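Here are a few exercises to help you find your way around a new structure. Keep the 3D view open and try each task before reading its solution.

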Amino acid sequence: MIDQLYRKAVLTVSGQKPVESLVRSRGWGVAQRFVAGEDATSAIRAVQDLHKDGILGNLDLLGEFVTSPDTANEFAAKVLGLLNDAHAAGLKPYVSVKLSSIGQGMTTPEGEDLGLSNARRIVARAKGYGGFVCLDMEDHPRVDVTLAQFRTLVGEFGHEHVGTVLQSYLYRSEGDWADLQDLKPNLRIVKGAYLEPETVAMPDKADVDAAYRRLVYAQMKAGSYVNVATHDEGIIADVEHFALAHGIAREAFEFQMLYGIRRDLQKDLAARGYRVRAYIPYGRDWYPYFSRRIAERPANVMFVLRGMLRG
Ligand code: FDA
């Protein structure tokens with residue numbers, strides 16, 4: 001409950017325009033702990049650096065909730081460019097995309113959802129390079145449409161090239177998991193990072209953690225690929241035990257963590273033979289992503305304040 005109140009307070013304050021302007025103008029130095037740089041070159045360099053420790057990368061061009069079709073199309077073009085750059089650098093591109101950044105909720109001249117239309121181009125390009133696209137999950141009003149678009153894309157490209165995310169804090173997620181089973185979906189399980197009302201999201205961390213374990217175990221038992229996206233050492237240890245006890249092969253799942261958070265744990269898991277992937281955000285629109293990271297941990301507020309006062 002305290003965690004929830006803290007998160008709510010930080011996300012509410014960070015949503016105020018004066019706070020946003022101040023942090024945007026003075027906070028880039030501290031944001032670089034969580035953001036790999038402003039351009040694709042820096043992000044690709046970060047992936048190559050992680051490879052030295054046996055860690056894989058998941059590239060994410062930052063941006064969300066765009067308000068015009070032109071901006072959405074420009075954003076999609078940048079993601080397509082990122083795929084080209086990653087391929088040219090010898091990587092099998094693995095990217096994450098927020099459908100709100102590429103036009104979800106807007107309509108193409110042909111009458112299709114612009115987000116779906118752009119996602120189709122992105123997944124097709126990634127598939128051509130032997131890569132993968134994960135559709136990030138955003139705030140709860142977008143869940144229905146994101147899952148429906150995920151279903152369409154899996155139908156067109158296969159679950160080897162497109163996945164999505166379920167958030168364990170939402171009451172609905174276990175039902176969504178069951179509804180997706182005919183797809184043998186590739187799913188990333190997260191706790192959830194948005195400011196959500198108690199009517200849709202569990203307020204108590206213990207419930208969120210318990211639902212998290214249930215979702216991961218169900219996905220493993222169903223024999224579908226699962227991306228265990230958390231820094232929670234208790235959950236990670238339990239997942240390791242569960243996999244061992246149920247004969248789940250190490251190729252059937254991976255651990256995912258965020259760039260700049262618990263690199264020690266990422267390295268340790270990779271050294272012990274687990275597949276580990278770091279989520280590497282980059283780009284100029286870093287503020288909303290950065291705010292969510294600060295909201296996850298009280299110590300991060302002091303880190304930001306100290307960094308901004310120094311800078
Ligand atoms: P929890 O918050 O319980 O933290 C466990 C421990 O991890 C903490 O005690 C601390 O040590 C460490 N930790 C966690 N966050 C930290 C931080 N910001 N700074 C420093 N230490 C930290 N969410 C979403 O809604 N949609 C999405 O698509 C995604 N995608 C995604 C991808 C990947 C690869 C990850 C790892 C996470 C996401 N998330 C997400 C975010 C997710 O919902 C959640 O907010 C964070 O992962 C933090 O929760 P934990 O599971 O780490 O547990």
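A polar contact is a pair of N or O atoms within 3.5 Å. Keep that cut-off in mind for the first exercise, and note that this is a predicted model.

**Exercise 1. Find polar contacts between the ligand and the side chains of Arg-188, Lys-205 and Asn-300.**

Solution.
- Step 1: Start at Arg-188, where a polar side-chain atom sits 2.9 Å from a nitrogen atom of the ligand.
- Step 2: Go to Lys-205; an N or O atom of its side chain is 2.5 Å from an oxygen atom of the ligand.
- Step 3: Finish at Asn-300, whose side chain has an N or O atom 2.9 Å from a nitrogen atom of the ligand.
- Step 4: Now look at the surroundings: 25 residues lie around the ligand, and those that come nearest are Lys-191, Gly-192, Lys-205, Thr-230 and Glu-296.

**Exercise 2. Trace the barrel: how many strands close into it, and in what order?**

Solution.
- Step 1: Follow the strands around in the order E1-E2-E3-E4-E5-E6-E7-E8; these eight close the barrel, with parallel pairing.
- Step 2: From one strand to the next, the twist averages 30°.
- Step 3: Zoom in on E7 (residues 253-258) and E8 (residues 276-282), a parallel pair joined over four bridges.
- Step 4: Pick out one bridge there: Leu-258 has Tyr-279 in E8 as its partner.
- Step 5: Next, find helix H9 (residues 205-221), which packs on the sheet and touches E4, E5, E6 and E7. The direction of H9 makes about 160° with that of E6.

**Exercise 3. Decide how helices H5 and H6 are oriented to each other: roughly parallel or roughly antiparallel?**

Solution.
- Step 1: Locate H5 (residues 69-88) and H6 (residues 114-128); their axes are 10 Å apart and the packing angle is about 10°.
- Step 2: Angles under 35 degrees count as roughly parallel, so H5 and H6 are roughly parallel to each other.
- Step 3: Look at who makes the contact: the residues include Ala-72, Ala-76 and Leu-83 of H5 and Leu-114, Ile-122 and Arg-125 of H6.
- Step 4: Sort the contact by class, and you get nine nonpolar, three polar and two charged residues.
- Step 5: Finally, see that H5 also lies across E1, E2 and E8, running at about 155° to E1.

Terms used:
Residues are numbered from 1 along each chain as its sequence is written. This is a predicted model: local features need pLDDT of at least 70, side-chain atom pairs count only at pLDDT 80 or more; totals for chains, interfaces and linings use all residues. Side-chain values use heavy atoms; hydrogens and water are left out. Axes are lines fitted to C-alpha atoms, for helices over the stretch in contact, and angles run from 0 to 180 degrees between N-to-C directions. Helices (H or I, at least four residues) and strands (E, at least two) are DSSP runs, numbered from the N terminus. Angles under 35 degrees count as roughly parallel, over 145 as roughly antiparallel, 65 to 115 as roughly perpendicular and the rest as oblique. Contact means heavy atoms within 4.5 Å. Ala, Val, Leu, Ile, Met, Phe, Trp, Tyr, Cys and Pro count as nonpolar, Asp, Glu, Lys and Arg as charged, and the others, Gly among them, as polar. Two strands pair if DSSP finds at least two bridges between them. A residue is near a molecule or strand if one of its heavy atoms lies within 4 Å of it. A polar contact is a pair of N or O atoms within 3.5 Å; within protein, one must be able to donate a hydrogen and the other to accept it, and residues adjacent in sequence count only if both atoms are side-chain atoms.
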